[in-house]
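Let's take a walk through this one together, a helix at a time. Have the sequence and the 3D view open side by side as you read.

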Amino acid sequence: MSWTDERIEKLTKMWEGGATASQIADELGGVSRNAVIGKAHRLGLKARPSPVKANEKPVRPAPAKKAKAPAETPASAPVASESKPVAPPA
């Protein structure tokens, strides 16, 4: 398959008309969707927006709020100890 002037003209018209790369490939025959995209790029045809919108964030439900656990003393915190009298040696 070679890119003849007629095929390039048809690709350009369909691309500018909003046809998808797959539709153009089917119409031209003997060429893949990726070949159409590559040729359009090399011809400098205007890029079209992706159907996946990068700037829109998907809507997700808000995460459930967790109940706060009571504060625990860290292991390095000093622990108060009871002082017990020490018996003198016998």
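What follows is a tour of the helices, the charged pairs and a ring. Keep in mind that this is a predicted model.

Start with helix α1, which covers residues 5-16. A quick sanity check is its length: at 1.5 Å a residue, its 12 residues should span 16 Å, and the end C-alpha atoms are indeed 16 Å apart, so expectation and model agree.

Now, which residues of α1 are buried? They are R7, I8, L11 and W15. Look down the axis of α1 and you'll see these buried residues fall within an arc of 100 degrees, so they line one face of the helix. The general logic is handy here: an α-helix has 3.6 residues a turn, so residues three or four places apart point the same way. What do the buried residues of α1 pack against? Their partners are α2 (21-28) and α3 (33-43). Flip to the other side of α1 and you find D5, E6, K13 and E16, which are exposed. Once α1 is done, G18 follows, with a positive phi near 95 degrees.

R7 deserves a second look. Besides being one of the buried residues of α1, R7 lies over the face of W3, at 5.8 Å from the ring centre. If you were hoping for aromatic pairs, though, the structure holds zero of them.

On to the charges. Side chains of opposite charge can pair when their charged atoms come close. How many salt bridges are there? The count comes to two.

One of them joins K13 and E9, with 3.2 Å from N to O. K13 and E9 are four residues apart in helix α1, which means about one helical turn separates them. K13 is exposed, at 56% relative accessible area, while E9 counts as partly exposed at 45%.

The other salt bridge runs between E27 and K10, whose closest N and O atoms are 2.9 Å apart. Here E27 lies in helix α2 and K10 in helix α1, so the pair ties together parts that are 17 residues apart in sequence. Both ends are partly exposed: E27 has a relative accessible area of 46%, and K10 has 33%.

Put it together around α1: its buried residues pack against α2 and α3, and K10 in α1 links to E27 in α2 through a salt bridge.

Conventions: Residues are numbered from 1 along each chain as its sequence is written. This is a predicted model: local features need pLDDT of at least 70, side-chain atom pairs count only at pLDDT 80 or more; totals for chains, interfaces and linings use all residues. Side-chain values use heavy atoms; hydrogens and water are left out. Rings of Phe, Tyr and Trp (its six-membered ring) pair if their centres lie within 6.5 Å; planes under 30 degrees apart count as stacked, over 60 as edge-to-face and the rest as tilted. A charge sits over a ring if NZ of Lys or CZ of Arg is within 6 Å of the ring centre and within 35 degrees of the ring normal. Helices (H or I, at least four residues) and strands (E, at least two) are DSSP runs, numbered from the N terminus. The expected span of a helix is 1.5 Å times one less than its number of residues. Buried means under 20% relative accessible area, exposed over 50%, partly exposed in between (1.4 Å probe, protein chains only). The arc is that of the directions from the helix axis to the C-beta atoms. Contact means heavy atoms within 4.5 Å. A salt bridge is a side-chain nitrogen of Lys or Arg within 4 Å of a carboxyl oxygen of Asp or Glu.
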